[in-house]
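Visitor: Could we go through this structure together? I would like to begin with the terms.

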Amino acid sequence: MPFSERIKSDYHPKRLAIKLNAKGEQFVIKKHPWVFSNSITKISDDAKTGDLAIVFSKNKNKVIGLGLYDANSPIRIKMLHCEMSKVDINDAFFYKKIKVAFEKRAELLKTNTTSYRLLFGENDSFPGFIADVYSTVLVVKLYSEIWLPYLETILESLQRVSGAKTIVVRLSRGLQQSKRHNLSDGDVVYGVLEDEVVRFVEHGVSFSANVIKGHKTGYFLDHRHNRKRVGELSKDKTVLDVFSYAGGFSVHALYHGAKSVTSLDISKQALEIAIQNGRLNTYKGKHNTIAGDAFVELKNLIKKGQTFDVVVIDPPSFAKQQSEIDLAKRKYAQLAELGAKLVAQNGLLVLASCSSRVSTQAFFDINIQTLKNQPRPFSTILNTYHDTDHPIGFSEGSYLKCGYYSAD
């Protein structure tokens, strides 16, 4: 089956000899995937995005790593290979890396699960490149022009390794404006997409993802293990799922026998998807929805005196830039306080964060301190992080953290 001509690039990358200052060199030696522009001391004048950056040691003229040059980012070199061993950046190089990534997901794929992240950006040595599989559909999300000259060979390797029958390419906002390619966001570049809403299974529970119009690649896979755990803890319980989006926690809870589930989200469209995802499964409980701002609606529920056996609060990132960190921390504390008031006696409060700029320790400290100030005691049951198809290869690659707290 042929690939679309749109993925072909007419740019032939050059090889750039690059030297770094001492700080930049240490980043590469420690296998960090980012080299910032202020770390570069020597580079060719005609360097262009997508060129192969060959990084030499400061004094000995030995190659210490290979990366791709990005003229449009302060992270000027995205590293592919941080070792002194000699490699060629070719079809075999990319195929081997994708094969290694696939093997890391082997245990997950032994479960009744047909959706997984095959490439997790820098953490799998593919900076700015995400590849998610939903059943037989593979969705690639590109965040940088560096990949355009290599896209054809990488997609061919992804298809070979995953066995995908269809490949969709999604583009970041920056790439949607780029004139260096012929792609549009949501292009089907391999096979046929019969329906943009693709059904898949997550630990035996059926879901759907809109791979053309949905957020990111269509769904959020990183919380899979937490959704499963919350579902198993929800039998015969009442559940509140805050920032529910497509109903991940809600649907698992219903599937596992929750008496009633309330999905709360600001988007009515997302709530409709949550209802539809629930109906892909058999359940007896009641599925309620609340459309509105979470902070406002949680206060309304408290005023009404409502409580729930299980309360899950999984907001979007509150700190997308450094200046938002303090505000994000205040919001997390506020959500922990509101959630605590809505948990029934002997109930469970689950608090999550996907803000990479708020550290794991800071987030858990905020939760513990806030819950200590409540009129009744809370105990920490468990702290969790990314699911297994989101391996962490460097400190900044870690963003997801989730705490489970019991109302004693």
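Guide: Buried means under 20% relative accessible area, exposed over 50%, and partly exposed in between, with a 1.4 Å probe and protein chains only. Helices (H or I, at least four residues) and strands (E, at least two) are DSSP runs numbered from the N terminus. The model is predicted: local features need pLDDT of at least 70, side-chain atom pairs count only at pLDDT 80 or more, and totals for chains, interfaces and linings use all residues. Residues are numbered from 1 along each chain as its sequence is written, and side-chain values use heavy atoms, with hydrogens and water left out.

Visitor: Which residues of α6 are buried?

Guide: They are Gly248, Phe249, Ser250, Val251, His252, Ala253 and Leu254. Because 7 of the 8 residues of α6 (residues 248–255) are buried, the helix is largely enclosed by the rest of the structure.

Visitor: What follows α6?

Guide: Glycine 257, with a positive phi near 100°.

Visitor: Which residue in the loop between α1 and β2 should I look at?

Guide: Lysine 31 is in that loop, between α1 (22–29) and β2 (34–36). Its phi is near 65°, positive although the residue is not glycine. Most residues other than glycine have a negative phi. Lysine 31 counts as partly exposed, at 47% relative accessibility.

Visitor: And asparagine 346, where is it?

Guide: Asparagine 346 is placed in strand β18 (residues 343–353). Its phi is also positive, near 65°. At 65% relative accessibility, asparagine 346 counts as exposed.
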